[in-house]
Amino acid sequence: MRKVTFGFGLALGLMPALTAHATPIPRYEDLVTRRSLRASAKLPKALSTPLYQSTEVKKIDTQLDLVPSSGVATGHVDVELHAVGSVGQVALLLDSGLAATGASAPGKTVDVANQVAQGYAFVNLTLTPAMAPGETVTIAVDYSGTLSCQSQGCYAGAPLSFISENAAIPGVFDQDNVGGYNAWGASRSLTLSVPEGIDAVASGELASSSTAGGKTTRVWKIPAFHSYGGNVVMLGVLADQPVTGVSIPTRVVSTQVGPSHVSEMVGFMQKILPFVDAQAGQKLPYAELKVFKLPLGWLDIFRGTAGYGLTLLSEDYAAGSVAYFEETLAHENAHQWWGVLVSPTDIPVTRWLVEGMATLSQIDYAAQVQHADVPRDEYLARRYREHWMLVKHLGDPSLPLVVDQTNQIPEDSIANTLWAYIRSSAFLEYLRVVAGDDVFAKLLRTWAQTCNQKLCDTGDFENLLEAESGQDFGPVFAQWVYSGTAAEPSLAFSQSGGTLSVTASGIDGLSVPLELFVEGEGGKLEKRKVVFEGSAPVTLAIPTPVRRVRPNPRQDGLIWSRSATPGDRDFDGEVDGFDVIQCAYRLGREAAPSQTGGEGIWSSDLDFDPRCDEDQNGSISDADLSAVSAAFGNVKGGQ
Amino acid sequence: MRASLLGVVLASALSALACSSDSEDSGGKPTPKRTLVFRSDARPAGSSVTLRQKELGSGRLVLELVGNSVDALYGVAFRLRYDPKVLGFEKVEASPHWGASPPLALASEKTPGLVVLTLTEKGKSAGVSGSEVVLGTLAFQLKVEQASAIDVVVERSGAVGADGRARPAVGWAGGDLVLE
């Protein structure tokens, strides 16, 4: 058995678990002021397997008596452990104001040592004799104290408080410093007693509720499967409204004080839930979905997340626009599938199938529901152009979507967001275009069906994609999932004898599938799927005259294509007035986020066109327009 | 528009009458001297961009580019085709009706007989609106006084609105140099 001393080293290992909520896209303005993320822990990459090294946590049953107004807590937890290797130590994580008062396990002596660090209490439990490989033991621990809420695991305040794991509800670490993730497969039950009159809404299914002796006791249960969805409990004097006409019982909950936006949220959920059901191909498997509106000002406390049957979102997200709040609410509810019910096991080294997927769903919702009057292709292209701008000017396209080690995950919060949400969703949109909308829609349904409460990861997603599409995505995943690169092809075409030849320069060494829009002289658009292998031309049988050849712009978030003809922004191989007008129209526009009247994820100017930014400095200036003007008149002979 | 065209035609006719005794045909009969004029093609219904004569003489043709029933017009991109033996393109100038200061007016005649043109606002602008508004002037060298067409290459011409979107409904019309 390895001897490990828990404590500050353990604290470093804890952080990814604490921050691994399925969350809305952070606001750019907030990230600018707080760019540093907590250090990442070093966790192994495991394919289709849970993240157990020495200890698998099978069950966490917590009983807690809490007075929210004072923070006085008395608790008991039964933790069922299964030893993969020899296990002599485990640790519980609690709020720093709490401490274990005793522990026991059948056939074992359990020594308890409390240690406080970084706002947490680490309860080190030493088992004698050590658990043998394959042995299963339930450790019972009593704890008590007064919550200090100096960590991320709880907040004491009026009109709303919350508690979650690693605070009033114990989290579990094994002796390999694997915290949080190793308990993802555990079943949870929470028996919570609070003074009568205090309402509580929690993740999990409400199994019972009773009042006696001035206390209300509620029991919630979360089944055992690998998931983001641990215990989160909101406490206060609450109000709710039912969401009628949706597939499962659903209600919107808020504090009685300041219940603004609740009626609107009910209306939003009547649109969001059918959308989520359709995308996953099935309704959510909960007895009830609770949607909690967190009050204004909670952005710094708990901006939103999704747990088992519970979606939370801070009203702060409505500050920009109610429409953006609505699509962010769609994002969080999409996490019920992409993060809670389908929770990839390689989550320590990637977020693309959680945050990327939820961002894809968010933008899909905006396209399908909020902007149904705009042609879908056009809307999606416009939204994903922002992803090009953001990654190009703020991000790092060379960072793989699945990194080798967690310490490769950006600690800068802007870079992290661009990796987890922006570039990931751009890659998913690219996959959708290349695989086809219908194929991808079926893939999402299959992914939800196959991996619902199962152990799946990036490799499984790739396998399903290839099975559904019949295409080999190995090179694509090698280039952008397991490694990273910017793809900036320059396209040129020529036509002779009914054969269209298209060349993409600037992508030597890459294999780039693309859907091309081939537009005839009469304006007829034909979509053709091709694969560029470096600069080798691809040929297409097109008997009618072709005016322009361009990639489907929905791919622009990942594939930053341009015409090979300088100054030609519309891919007809010419520089005429249309190119000049479009760039003149964009004069003075900036690629940076937080533009007045901006749209999209970070209030960008979605009319910014990177193809008019000749010097690629993120600003369309007179110099850029002069460059286009200088090339003006470069047209094919005689036309 | 129509009034000014009538004026041009009338002036041409009077000029022809005034000169009618100056020449004779081979049979000794006097024949009227014919005058070269630019005759605009029929104006398309609805919003359109058309050409009309401003100046013609001394080896030079100046046409006005006219926006008819245009609303928030941001820019126009177009191509004109003509007989290079008759005409050679000289320059384009934007009118003061554009909001940008200065607007962008570009022309390129890399292939004789084909000029590529654009007139556009820059940056944010409400665009040009009006029932009959001169957008700019196009000057040609008149090499030979003979009838010839000036055609808009319609499939390569278009207008863009102040919302940045194409205005496919805008029609185009060129015209002809004719001897009257």
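I began with a pair of cysteines in this predicted model, and found that A:C451 and A:C456 are both buried. I then looked up their bond: the two form a disulfide with sulfur atoms 2.0 Å apart, and with -90° about the S-S bond the link is left-handed.

Next I searched the whole structure for further links of this kind, which gave three disulfides over all chains. One of them is formed by A:C149 and A:C154, whose sulfur atoms lie 2.1 Å apart; the torsion about their S-S bond is about -125°, so this disulfide is left-handed. I noted that A:C149 and A:C154 are buried.

I turned to the disulfide that joins A:C583 to A:C612, with 2.1 Å from S to S, and this pair links distant parts of the chain, since A:C583 sits in helix α11 (residues 577-585) of chain A and A:C612 in the loop between α11 and α12 (622-631), 29 residues apart. I recorded A:C583 as buried because its relative accessible area is 1%, where buried means under 20%, and A:C612 likewise counts as buried because its relative accessibility is 0%.

After the cysteines I looked at the largest nonpolar core, which holds 113 residues, and listed those that touch the most other members, among them A:W352, A:F427, A:W447 and A:F461. Its largest share, 13 residues, comes from helix α7 (residues 413-435) of chain A. For A:F461 I left aside the neighbours within four places in sequence and found contacts that include A:W352, A:M357, A:L431 and A:F477. Apart from this core I found another, of 45 residues, including A:L81 and A:W220.

Definitions and conventions: Residues numbered from 1 in each chain as written. Chains lettered and ligands numbered in written order. Predicted model: local features only at pLDDT ≥ 70, side-chain atom pairs only at ≥ 80, totals over all residues. Heavy atoms only, no water. Core = buried A, V, L, I, M, F, W, Y, C linked by side-chain atoms within 4.5 Å. Buried < 20%, exposed > 50% of the residue type's maximum accessible area, 1.4 Å probe, protein only. Helix = DSSP H or I, 4+ residues; strand = E, 2+ residues; numbered from the N terminus. Contact = heavy atoms within 4.5 Å. Disulfide = S-S within 2.5 Å.
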